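Here are some short exercises to work through with the viewer open. Try each one yourself before reading the solution.

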Amino acid sequence: MFRNHLLPLCLVGGLFTAGSSFAQVVTIPVETQHNALVLQTDADKNLKMVYFGAKLSNTAEYARIQKMYNQKDDSGILNSAYTPSGSANLAEPAITVTHANGDKSLSLVYVSHEVTKVADDISLLTVTLKDPVYNFEVKLYYKTYFKEDVTEQWSVIKHGEKGEVVLNKFASANLNLKGSGFWLKQYHGNWAEEMRPEEAKLTHGIKTIDSKLGTRANLYEPSMFAVSIDKPATEDEGKVLLGALEWSGNFKIDFELDVSDNLRLIAGINNAAAEYHLKPNEEFATPALVYTYSDQGKGDASRKLQRWARKYKIVDGEGSRLTLLNNWESTYFDFNETKLAELLKDTKKLGVDLFLLDDGWFANKYPRNGDHAGLGDWQENKQKLPDGISWLVKEAQNNGVKFGIWIEPEMVNPKSELYEKHPDWVIKQPNRPEKYFRNQLVLDLTNPKVQDFVFGIVDNLFTKNPDLAYIKWDCNAVIYNAYSAYLKKDQSHLYTDYVRGLYKVLERVRAKYPKVPLMLCSGGGGRVDYGALKYFTEFWPSDNTDPLERVFIQWEYSYFYPAITSSNHVTDWGKQPLKFRTDVAMMGKLGFDIVISKLSEQDLDYVHGALKNYDNLKEAIWHGDQYRLQSPWDNDAASIMYVDNAKAKAVMFNYLVNNRYGTGTLVPIRLKGLDPQKKYQVKEINLYPGTKSPIENDLVLTGNFLMNVGVNPHVSSGRTSVVLELDEVK
Ligand code: DGJ
């Protein structure tokens, strides 16, 4: 049965001869504004992915693509849209199962497909595949965001066998790309070293990026990647696929350059120690792989992903954000009401919207005076806060600012009342010595009682303090000794059901508190993914706030996440002056974590000016398009700009990243994304008090000039960061 409710997801039919039988060839183009992914059945009803690239102008021609290829394929299903294992397949499978009778073979053939229109811009294609021998079904989902050129792809697995089926592997998506070569850009890192890129040509065999850390899963390697096709894509040229798994736990993405020289990409939850027992008629839904494609380079692809994220994924992506003062680096655990009252005054003096109280405000039997105790005991510490959070919320209001608070609700210190009361709520092997990460263990979120507890932490805070305006949700431990007292015989479900439990809690939080700003933090960027960001307004990219480091870290995150989500705080890390630190933090969501009372009058003047400029430019930074102009990796100065949607206002940030003699911007930097016909006034802003700009007053240039010749921000060792504002002149 074919049900097609709308184009551009449509069916192109045709007759195909195979041996003595005639089979209907079904061609299913999955189109977005500029791109197409084409699925097609063969004579044996195997569903294959036969095309991925620019959309064709004549839809009927999609049916002809596959016949143009003479590549060898002994199995006949090398480019399967969802590769089963144990039957014809000879390559890495997307799915491996053990049937109820112990047989491990699976074959999946096309049964039907349908397209539904979810919204103006959004369509959902569902393709049903079944095993001809077993009562086993996989549905493939392709949710397309037409204007943004973004697809979310996942699968749902179900069976009607007599007894449990074991899912040994269960990918979300299986893509097949054709090209004359493929280059993978991937990331690695660690605490304070997030988002270090590496790009290399893929050779035959399988390259895997994955995580087995459980929680904080992206600490060593996130699931974000870019694959260039035919040649390495640059910022503005070349074919490139950007993708990431929407999952906050263990993941595995295989890139297999196969025997036919095509690239097979298989992405999903990591199946390591995670086989899943599926009861009859129970559905196993995999998380989505989100991806976009551009034949105009990584910059274009990233803007598509950013637009999609703002419009459809992150909470309040098209809304506003609060500037803030955080106390983590200025006090660590050492504070009391008097100190905090001063910091609230400082928040006002600084001129930001909110004060964020970090770690250390809770626990009494084992006070949270360091990171070795108290986690799990979410009652205000009576010594530090005798009048409780509510007093602080009121005091903030008296100062005309809002109040936000830090929690780390998923974790526990062994030295805590929570651990004493509920040792069975903690993930740990009953027969092995405990192993800690930052002196803590992870709570077992597969257990509904633990889910209630974690939800209760947030709910209690808001119920008792309805004016609480912000939460920073931290997560600092990985899962060691993976064992759940709750799961009993299904221990291999732990990694998957942990994340599902976490999402259940976050669903409840968002159902009750739909818009309140939540920062996703995981000792830095250990958990930045669109599975989690669906519930958050912003994330903490790294504890490394040295602004020189941040230029690189923020640069790389920006390929996948919009600036409005990137919490950038001005701190005392690094040797750069306050101006450099603030200019770097302004390229995302601005915050501060410094001692305001120690700022000189000039510093404070500078910050006040910068905050005013930020207010004026935030529309472009938060909701406009971002263009990377000059990479910090290859140049003395990095340069990045944001243009508002009307192309009337833009901001260009420039940072010196090389301290060698004579470095700076010797030639102009070409801008991007402006209207060539418009005239723009170019002026330097964020000038430190007492300094003058070498950029001439009343400089008015056309978009045409700015994009072909460019402008020189005159970055040098004496001007290490330069911010230029561009305003349309009518
Ligand atoms: C790790 C976070 O990344 C920091 O910003 C801070 O909140 C500490 N945890 C607090 O323990």
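The exercises below go from model confidence to the ligand site, then to two annotated domains and one lysine.

**Exercise 1. Find out where confidence in this predicted model is low.**

Solution. Start with the whole chain: its mean pLDDT is 96, and 97% of the residues reach 70 or more. Next, look at the start of the chain, where residues 1-11 have a pLDDT below 50. In the model this stretch still has 39 contacts beyond near neighbours in sequence. Then move on to residues 13-21, again with pLDDT below 50; here the count of such contacts is 14.

**Exercise 2. Describe the surroundings of the ligand, beginning with the residues that come nearest.**

Solution. Step one is the shell, taken as residues with a heavy atom within 4 Å. It holds 13 residues, of which Asp358, Asp359, Lys472, Asp474 and Asp543 come nearest. Step two is to sort the shell by type, which gives 4 nonpolar, 3 polar and 6 charged residues.

Step three is to list polar atom pairs:

- Asp543: a side-chain N or O atom is 2.5 Å from an oxygen atom of the ligand.
- Asp474: a side-chain N or O atom is 2.7 Å from a nitrogen atom of the ligand.
- Arg438: a polar side-chain atom is 2.9 Å from a ligand oxygen atom.

Finish with the coverage: on its own the ligand has 290 Å² of accessible area, and the protein covers 97% of that.

**Exercise 3. Work out the helix and strand content of the spans that UniProt annotates as domains.**

Solution. Take the span at residues 46-279, which an unreviewed UniProt entry names "Glycosyl hydrolase family 36 N-terminal". This span is 0% helix and 48% strand, and its end C-alpha atoms lie 26 Å apart. Now go to residues 638-718, listed by UniProt (unreviewed entry) as "Glycosyl hydrolase family 36 C-terminal". That span is 7% helix and 31% strand, with 16 Å between its end C-alpha atoms.

**Exercise 4. Place Lys252 in its strand and trace what it touches.**

Solution. First, locate Lys252 in strand 17, which covers residues 251-257. Second, check the side chain: that of Lys252 makes a polar contact with the side chain of Asp254, at 3.1 Å. Third, look beyond four places in sequence, where Lys252 touches residues including Glu92, Lys169, Asp210 and Asn271. Last, compare with Ala272, 20 residues away along the chain: the C-alpha atoms of Lys252 and Ala272 are separated by 8.9 Å.

Note on methods: Residues are numbered from 1 along each chain as its sequence is written. This is a predicted model: local features need pLDDT of at least 70, side-chain atom pairs count only at pLDDT 80 or more; totals for chains, interfaces and linings use all residues. Side-chain values use heavy atoms; hydrogens and water are left out. pLDDT is the predictor's confidence in each residue, from 0 to 100. Contact means heavy atoms within 4.5 Å. UniProt positions are given in the numbering used here, feature names are shortened, and annotations may be inferred rather than shown by experiment. Helices (H or I, at least four residues) and strands (E, at least two) are DSSP runs, numbered from the N terminus. A polar contact is a pair of N or O atoms within 3.5 Å; within protein, one must be able to donate a hydrogen and the other to accept it, and residues adjacent in sequence count only if both atoms are side-chain atoms. Accessible areas come from the Shrake-Rupley method with a 1.4 Å probe; for residues, only the protein chains shown count as cover. Ala, Val, Leu, Ile, Met, Phe, Trp, Tyr, Cys and Pro count as nonpolar, Asp, Glu, Lys and Arg as charged, and the others, Gly among them, as polar.
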